[in-house]
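This note is addressed to a colleague who is meeting the structure for the first time. The points below may be read alongside the sequence and the coordinates.

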Amino acid sequence: MRLTVAATLLSGLPRTAAQDGVNFEALPSDTIFPGPWESNIRAPVNKSHIVPVKIFNFEGAASGAASVLQDADISSGISWIINPGGLVTFEFAENIAGRACFEIESIKNDPYLVLAYSESPFFADNKPDATNDQLARDLPLLFPITRTGLNCVASGYNRGGFKYLTVYIPEEDIPTESGMWHDSHTKPVRAHQKPALPWYWSTGQKILNWPHPLKDPKKNCTAEPSVTISKLWVNCTSFPSMSNGKAYTGYFDSSSPLLNRVWYAGAWTLQLSTIDPKEGGSIIDFNRNFDHNTAPQGAWYSNYTIASGSVVTTDGAKRDRMVWPGDMTIAVPGIAVSTYDMLAVRNALNTIYAHQYGDGSMPYAGPPMGAFREFSDTYHMHTLIGTYEYVLYSGDLAWLKDHWSAYRSALDISIAKVDELNLMHVTSVLDWIRPGMGGHNVEATALLYEVLTNSLKLAEWAGDKKTKTDGEKWEDLRARLSKGISTLYCPSDNLFSDNREERSCTAPGKVTPQDGNSWVLISKSTNVAQAYAASESLRKRWIKYGAPAVEFPNVISPFASSFELLGHASAGNHDAAVELIELMWGYMLNGPGMTNSTLIEGYRTDGYVQYPAYWSAARNSHAHGWSAGPTTVLSQGILGIELLTPLGKTWKVEPHLTKWLSYARGGFATKLGKFEVATSRLVSTSSGQKVEGLNVTVPAGTSGTVKWYEHEQTISEMQTTDTSTFSFIRTLSPPLSAHTKGHIEVRSIGDEDWSKYVADPDFVKPVAEERPEGVVDWEVLESLYVLNEQKYNAGRV
């Protein structure tokens, strides 16, 4: 295909491993879509050797630290000498994960180092950020240096997410995480019996506390320890399925550099959150119920087995490093269109199904949770949505058939909660930490509507012989749910209320939730006009830093806002979807305290990096898969690539360039081959006629529909060959701007005709609307901390 603006999308691309039927459980070693957009990929080619790029800070008795790293390589002869009181903070190019390794040039007087990790620059100092909520910050990691040469931290101390690594030797005794308290190794031999800081060593119920070297009365206090570091790097153990972290199976590129960065930030966030199942479970206090650890407050590690297999997708890189079904609705399609690590998805689903409760209910989260029957009505249904998304993109029908009975049992649990009000009566208060869950809830009801829509398809794919009978019941129930949802509509707001109880349209505590209204739009459970009006009403609530989740005061939630993006696209308001991505996700990349590379879990309405669900701002996860909604929306909603049946055997393409873009292109591969779309604003070099061009590439042996504005064209299976690219051009007569109405003609165009057009030089991106500052209700925020503490003490994490 040849759009002049999209020169790298020329026809004749070679066949790929995906097209040749390679099993994607063995992911490709190179990219499926090579091109200049690869410069946006944050993942390294060699993930076992990631080096810092500069010095963020240095203090005290440290030399060499003022040197800025050149070419992301500290092997250029620079040495960092650290003595007591010396500190160096190294900064990496992006948020990363893994085990820190040091090449030690020399040591003196039995030295040690103390390590502190942080994702945000706001916490890049001598204390780590937080994985738990027992202390405001985790304990720094005590790292003894027993030899010159290679020294790496123990495998259990793989830090799940950090951009900043602080290395220092303190001048006096401080609490540390020893890095050994939970191991069964023998006591280390150290010269002069002089370990560094308090060593916490697990020996039954007894914990030994060794003396500090600077306070050893038998030794000369002037014999200070010293460490000379010649090299520092990180061995990243995330995304174990990928031998080459840059070997993406999808891509996105557009006229907006910010949108491009956001798409790849979502992909990188999902990669960092995909881990070895034996390196999970960062909530040590909850783990203690099962591994009986004796960790001190503030200790941390990542060695709890959370699933079977070699790889699994989790909620976040730093924490909680567990399988959370709620995240799957955003994460599964995001993984599918970027890295296609479907094995990680399958293993995550397997662990939820393996711990399904006897009555058919799904656990709130995977191990270590589930043993106390933690349950959420909404997360229960997110497991079912994750099931649909996995089967759709992977084509794993054998897996579906194996789990179909369990799926049906789970579905029946949700169906049984629909009562005479035609709404789902929610009995669990648990959702995404937001308060006020329960009652006849709009979010849960719309989720069930979506699950029923998916179930009709899954039953057919599973070969369920009861499909017709059950399908009729499910269709009838969908109609009832639509009626029930309509009773929650608040005409004065053009939005739906949270429930029929204390948050109804007429209640003093009325709430028109972001999550619930978004799911009404996603599920298409209301009429088209009402959906678009609701989309615009959501848009009017945006503030300077994004879309507030009014159901959770003081919070901007990229999770709920990812649903809102999907909702805008579903309602046909694609302009709003792109505008929100640039407003909110642009801030999540460029705002103060952010990583500039991964997507944060949540933050306050005033833009500060604290997620109000936690009392400590340092506990926030800066790489959380539930925030990666734009990666899906830009591929599915803007490029408009929608799979209708497993692997895309049938499909629909309906691109929406929006008023914000002069061109957009991208695609992804399944085991059937490549799906690719490119659309641009162009002008004829001969007549000056303004047009829009569209190229669509689909795999051989597939069929579908291209819908472009008023034009709709069916592509049959017989029309798709190895190089099936379909090109169209949309002209306006007379040659007015692309936003004016006139005679529109859409026609197929041959490759040779694209040379007659160039990029429209008159396109000007609109100016985004100014948004008001967010205001924090500090009284409500404080009461939330008290409530969360009560829940924690009751055994809910």
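How many of the 10 residues of strand β11 (residues 226-235) are buried? The numbered points start from this strand.

1. Strand β11. The model discussed here is a predicted one. In it, eight of the 10 residues of β11 are buried, and the strand is thus mostly covered. Two pairings involve this strand. With β4, β11 shares nine bridges, and the two strands run antiparallel. With β3, β11 shares three bridges, again in an antiparallel arrangement. Individual partners can be located as well: Phe102 has Leu232 of β11 as its bridge partner, while Ile82 stands opposite Val227 of β11.

2. The chain as a whole. The secondary structure amounts to 14 helices and 30 strands. The chain has 797 residues, of which 63% are buried. Of the contacts between residues at least 6 apart in sequence, 72% join residues at least 24 apart.

3. The disulfide of Cys101 and Cys152. The chain holds two disulfides. One of them is formed by Cys101 and Cys152, whose sulfur atoms lie 2.1 Å apart, within the 2.5 Å that the assignment requires. Its torsion about the S-S bond is about 115 degrees, so this disulfide is right-handed. Cys101 belongs to strand β4 (residues 87-108) and Cys152 to strand β7 (residues 149-152), so the bond ties together parts that are 51 residues apart in sequence. The two ends may be described separately. Cys101 counts as buried because its relative accessibility is 4%, which is under the 20% limit. Cys152 counts as partly exposed because its relative accessibility is 28%.

4. The disulfide of Cys490 and Cys505. In this pair the sulfur atoms are 1.9 Å apart. The torsion about the S-S bond is -90 degrees, and the link is left-handed. Cys490 is in strand β17 (residues 489-490), whereas Cys505 is in the loop between β18 (495-496) and α9 (514-523); the two residues are 15 apart and the pair links distant parts of the chain. Cys490 is buried, with a relative accessible area of 1%, and Cys505 is partly exposed, at 26% relative accessibility. With bonded cysteines counted along the chain, the disulfides follow the pattern 1-2, 3-4. A further cysteine, Cys236, is buried at 2% relative accessibility.

5. Aromatic pairs. What describes a pair of aromatic rings? Two quantities serve: the distance of the centres and the angle of the planes. Over the whole structure, a search finds 37 aromatic pairs. One of these is formed by Trp80 and Phe90, at 5.6 Å centre to centre and 75 degrees between the planes, an edge-to-face arrangement. Trp80 is in strand β3 (residues 80-82) and Phe90 in strand β4, 10 residues apart, and this pair links distant parts of the chain. Both Trp80 and Phe90 are buried. Tyr390 and Trp399 also form an edge-to-face pair, with 5.2 Å between centres and 75 degrees between planes. Tyr390 counts as buried at 3% relative accessibility, and Trp399 is buried with a relative accessible area of 5%.

6. A cluster of rings and two charges over rings. Ring pairs join Trp432, Trp519, Phe552, Phe559, Phe563, Tyr611, Tyr614 and Trp626 into a cluster. A member of this cluster, Tyr614, has the charged end of Arg619 over its ring, 4.6 Å from the ring centre. A second case involves Lys47, whose charged end sits over the ring of Phe239 at 4.5 Å from the centre.

7. Helix α11. Is this helix, residues 558-570, enclosed by the rest of the structure or open? Of its 13 residues, 13 are buried, so α11 is largely enclosed by the rest of the structure. From its first C-alpha to its last, α11 reaches 18 Å, close to the 18 Å expected at 1.5 Å a residue. The helix is followed by Gly572, which has a positive phi near 85 degrees.

8. Points to inspect. The reader may wish to view β11 together with β4, with which it shares nine bridges. The disulfide of Cys101 and Cys152 can then be followed from β4 to β7. The aromatic cluster that includes Phe559 and Phe563 may be viewed afterwards, together with helix α11, residues 558-570.

Technical notes. Residues are numbered from 1 along each chain as its sequence is written. This is a predicted model: local features need pLDDT of at least 70, side-chain atom pairs count only at pLDDT 80 or more; totals for chains, interfaces and linings use all residues. Side-chain values use heavy atoms; hydrogens and water are left out. Helices (H or I, at least four residues) and strands (E, at least two) are DSSP runs, numbered from the N terminus. Buried means under 20% relative accessible area, exposed over 50%, partly exposed in between (1.4 Å probe, protein chains only). Rings of Phe, Tyr and Trp (its six-membered ring) pair if their centres lie within 6.5 Å; planes under 30 degrees apart count as stacked, over 60 as edge-to-face and the rest as tilted. A charge sits over a ring if NZ of Lys or CZ of Arg is within 6 Å of the ring centre and within 35 degrees of the ring normal. Two strands pair if DSSP finds at least two bridges between them. The expected span of a helix is 1.5 Å times one less than its number of residues. Contact means heavy atoms within 4.5 Å.
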